[in-house]
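Welcome! Here is a short briefing to help you find your way around this structure, with its pockets and some of its helix contacts as the topics.

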Amino acid sequence: MDNVYVSGSILSADFACLGRVVKELCSAGVDFVHVDVMDGHFVPNLTIGPMVVSAIKSSSTVPLDVHLMMSRPSILLDSFIKAGSNRITLHAEIEEDVRSLLMQLKEKGVDTGLCLKPATPAETIIPFLDLLDQVLVMTVEPGFGGQPFRYELIDKIQEVKRLIQGKKIQIEVDGGLNDKTAPNCVKAGADILVAGNYILKSSDWHQAIMLLKGQQ
Ligand code: DX5
Ligand code: ZN
């Protein structure tokens, strides 16, 4: 089996102690720190901007995996790059020109991702395959951590896997992942598992990360 990576989401963290949480997540063994940027418009929640990403960067020893839930990412794309984002994932459902934004990221040497909300079909990724490092399949409605995993979306992971065959594109899955739901995603083709609540609410973060990876 190919490697399975874990991207630890800080959305469920105590934001008053963000630096410490990021350091502890890195020591516990996450492969990425997943940063959920919400603009209060694309999703009904508001989280963090480039200044906080920059602060997170200074506490992280692993790459930052930034998930932009923004209707108009063009406004802050450069700032998120300058803040130290290593990988930036845009949503396919935005009104802006996704292709030109992905090209901007590529030109700046940032890894690119395209994210699909639960109702967005897998085929949406086809016109962008030449520009993508990852496809992010949402297994909950974006906006909040701690929601239950939607099993009906496993088929979409398989469909994405089929569409990217032969290409160097990773599949990331986000929403409701734990030791019970993650193996289904890995079986369907997931390479990177995002997990917030499952890791941060457990008493042993390292063990939770290992269980997500299918290792004891
Ligand atoms: C939801 C976010 C997720 C969230 C996942 O919009 O994209 O990254 O943090 O949280 P859990 O793992 O708790 O479902
Ligand atoms: Zn996310």
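Lining the second largest pocket are 15 residues, and those nearest its centre are Lys167, Lys168, Ile169, Gln170 and Asp191. Please keep in mind as you look around that this is a predicted model. The bullets below take the pockets and then two helix pairs that involve helix H1 (residues 18–28).

**The second largest pocket**
- This pocket has a volume of about 260 Å³.
- Its lining has seven charged residues, along with four nonpolar and four polar ones.

**The largest pocket**
- The volume here is about 300 Å³.
- A total of 27 residues line the largest pocket, and Gly145, Gly146, Asp174, Gly175 and Gly176 are the ones that lie nearest its centre.
- Two or more lining residues come from each of these elements: strand S2 (32–38), strand S3 (64–69), strand S8 (192–195) and helix H7 (197–200).
- If you sort the lining of the largest pocket by class, you get 13 nonpolar residues, twelve polar and two charged.

**Helix H1 with helix H8**
- Helix H1 (residues 18–28) packs against helix H8 (residues 205–212) at an angle of about 55°, and their axes are 8 Å apart.
- Because angles from 35 to 65 degrees fall outside the parallel and perpendicular ranges, H1 is oblique to H8.
- The two helices, H1 and H8, make a right-handed crossing.
- On the H1 side, the contact is made by Val21, Glu24, Leu25 and Ala28, while H8 brings Trp205, His206 and Ile209.
- Five of the residues in the contact of H1 with H8 are nonpolar, one is polar and one is charged.

**Helix H1 with helix H2**
- H1 also packs with helix H2 (residues 50–59), here at an angle of about 45° and with the axes 8 Å apart.
- That angle makes H1 oblique to H2.
- Where H1 passes H2, the crossing is right-handed.
- Leu18, Gly19, Val22 and Lys23 of H1 meet Val52, Ile56 and Ser59 of H2 in this contact.
- The contact of H1 with H2 divides by class into four nonpolar residues, two polar and one charged.

Technical notes: Residues are numbered from 1 along each chain as its sequence is written. Chains are lettered from A and ligands numbered from 1 in the order in which they are written. This is a predicted model: local features need pLDDT of at least 70, side-chain atom pairs count only at pLDDT 80 or more; totals for chains, interfaces and linings use all residues. Side-chain values use heavy atoms; hydrogens and water are left out. On a 1 Å grid over the protein atoms alone, a cavity is a set of points where a 1.4 Å probe fits but cannot get out, and a pocket is an open set with protein on both sides within 12 Å along at least five of seven lines; lining residues have an atom within 4 Å of a point. Grid points are joined across faces, edges and corners, and a volume is the space filled by probe spheres set on the points. Helices (H or I, at least four residues) and strands (E, at least two) are DSSP runs, numbered from the N terminus. Ala, Val, Leu, Ile, Met, Phe, Trp, Tyr, Cys and Pro count as nonpolar, Asp, Glu, Lys and Arg as charged, and the others, Gly among them, as polar. Axes are lines fitted to C-alpha atoms, for helices over the stretch in contact, and angles run from 0 to 180 degrees between N-to-C directions. Angles under 35 degrees count as roughly parallel, over 145 as roughly antiparallel, 65 to 115 as roughly perpendicular and the rest as oblique. A crossing is left-handed if the near helix is turned anticlockwise from the far one by less than a right angle, and right-handed if clockwise. Contact means heavy atoms within 4.5 Å.
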